[in-house]
Amino acid sequence: MRRLAPAALLTLAMVVLGSYVYLSRRVVVQLQREAAQEGVMYANIYRALTDTSESETSATAALLDLSRHITRRGVPVIVTDAEGRPTAAANLPFEVGADPDQPQVRAYVARLDAENPPVTAPGVGTVHYGYTPLVQRLRVIPVLQALLIGSLIAAAVYALRTRGRAEREKTWAGMAREAAHQLGTPLSSLSGWVELLSEREGDGMTASAVTHMRGDLARLDRVANRFERIGHPPRRDEVNVAELARNICAYFRERAPTLAHTVRVVCQQPDGPVMVHGDAVLLEWAIEALVKNALDALAGRGGTVTVSVEQGVNGDTRVRVADDGPGVPREFRARVFEPGFTTKRSGWGIGLSLAKRIVEENHLGRLVLAPMDQGASFDIILPT
């Protein structure tokens, strides 16, 4: 939506502005034409009034000329007799025929009377008339003006919000890069201490601890690298998602609870590689955020976290992180991806929103909460 909103607002503004200019031009042309017709009509009427040779014939001619001008201007007119039967009609939006006394014409009388009050002429009948086509067009102009002003206001509000968000994101990107820079010194120091420990002979417990510490150091190094990626254009490398998921499962499997409330981390993926285009560091970050969310849901109760990778029938790649925990309450399903929203007491509410942004904005994919009978399941769908 963020990518489509500016183009949609600009398109709407251009369409409304173009319609307004086109309609205004048509109105001006119609006013010029009607002004010329009225000039001819007034000239004929004054000439008939000043003609004393055959006043009755001239007056009749002037009235006939006036009737023709009204017809040419497109004014819808219906003349009815004393009993309300139509005796003449002109400029109606449907064919009348030779006999104007029709149910459709009688029904249209009420519409004309709603536009203008009828005029009763002795010896002629009651004249019912409506708006000219010019007036109909003029009634549309305020609506177009309101739409144009509304679209411009919406564009201005969106621009201001986008500018403020861009400034905040720039600040956070700078802080993230500074944090990555500050992590470099203790990481180097810890790496040296681990090397010293590995050179000393010790029991198996020390060797195992050194192995895990090296894994944690490698993870910290990747975390620092993630922060450095914030604010940079996304990369489009060849990434083996199956291997990525396998490494994530191996890391969390060693650190999941195994005593009172055992949590199993299961990885399911094809035997061969599953390749996508993207940023391996950011994709790993998104998948880890989903796995952490699942582990938090199983805290204190135990269960299974399943990370599966498969290719869909249309060529897309789906990475699913599912757990058999309590699931997401129905009233919270629409808000789980909102920044700052969390149901945990100590949560920050940024893991799922960060994962969604990585998947959708950096990789043009989708992150959805899939329907489940038990537990929660999040699907990362990546294009080919």
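Glu310, Arg318, Arg320 and Asp379 are linked in a network of salt bridges, a salt bridge being a side-chain nitrogen of Lys or Arg within 4 Å of a carboxyl oxygen of Asp or Glu. The model is predicted, so local features need pLDDT of at least 70 and side-chain atom pairs count only at pLDDT 80 or more, while totals for chains, interfaces and linings use all residues. Residues are numbered from 1 along each chain as its sequence is written, and side-chain values use heavy atoms, with hydrogens and water left out.

Within the network, the side chains of arginine 320 and aspartate 379 meet in a salt bridge at 2.7 Å, N to O. This pair links distant parts of the chain, with arginine 320 in strand β9 and aspartate 379 in strand β11, 59 residues apart. Strands are DSSP runs of E with at least two residues, helices are runs of H or I with at least four, and both are numbered from the N terminus. Aspartate 379 counts as buried because its relative accessibility is 5%; buried means under 20% relative accessible area, exposed over 50%, and partly exposed in between, with a 1.4 Å probe and protein chains only.

The structure holds ten salt bridges. One of them joins arginine 106 to aspartate 101, with the closest N and O atoms 2.6 Å apart. Arginine 106 is partly exposed at 39% relative accessibility, and aspartate 101 is partly exposed at 26%. Another salt bridge is formed by the side chains of arginine 335 and glutamate 338, at 3.3 Å, N to O.

Strand β9 covers residues 317–323 and includes aspartate 323. Aspartate 323 is buried but has no salt bridge, and the nearest side chain of opposite charge, arginine 301, is 7.9 Å away. Here Lys and Arg count as positive and Asp and Glu as negative, while His and the chain ends are not counted. The side chain of aspartate 323 does reach the backbone nitrogen of glycine 325 at 2.9 Å. Leaving aside neighbours within four places in sequence, aspartate 323 is in contact (heavy atoms within 4.5 Å) with residues including Ala294, Thr304 and Gln374.

Strand β9 also gives residues to the largest nonpolar core. A nonpolar core is a set of buried Ala, Val, Leu, Ile, Met, Phe, Trp, Tyr and Cys residues joined through side-chain atoms within 4.5 Å. In soluble globular proteins, nonpolar side chains tend to be buried together. The largest core has 42 residues, and Ile287, Val321 and Phe378 are among those with the most contacts inside it. Helix α7 (280–298) is one of the elements that give two or more residues to this core, and α7 gives the most, with eleven residues. A second, separate core of eight residues includes Ile78, Leu92, Phe94 and Val105.

Helix α4 spans residues 133–199 and contains serine 198. Serine 198 is partly exposed, with a relative accessible area of 31%. Not counting neighbours within four places in sequence, serine 198 is in contact with Val210 and Arg214. Serine 198 and threonine 211 lie 13 residues apart in sequence and 8.8 Å apart in space, C-alpha to C-alpha.

Across the chain there are eight helices and eleven strands. Of its 384 residues, 33% count as buried. Among contacts with a separation of 6 or more, 62% are between residues 24 or more positions apart.

Conventions:
Polar contact = N/O pair within 3.5 Å; in protein donor to acceptor, adjacent residues only side chain to side chain.
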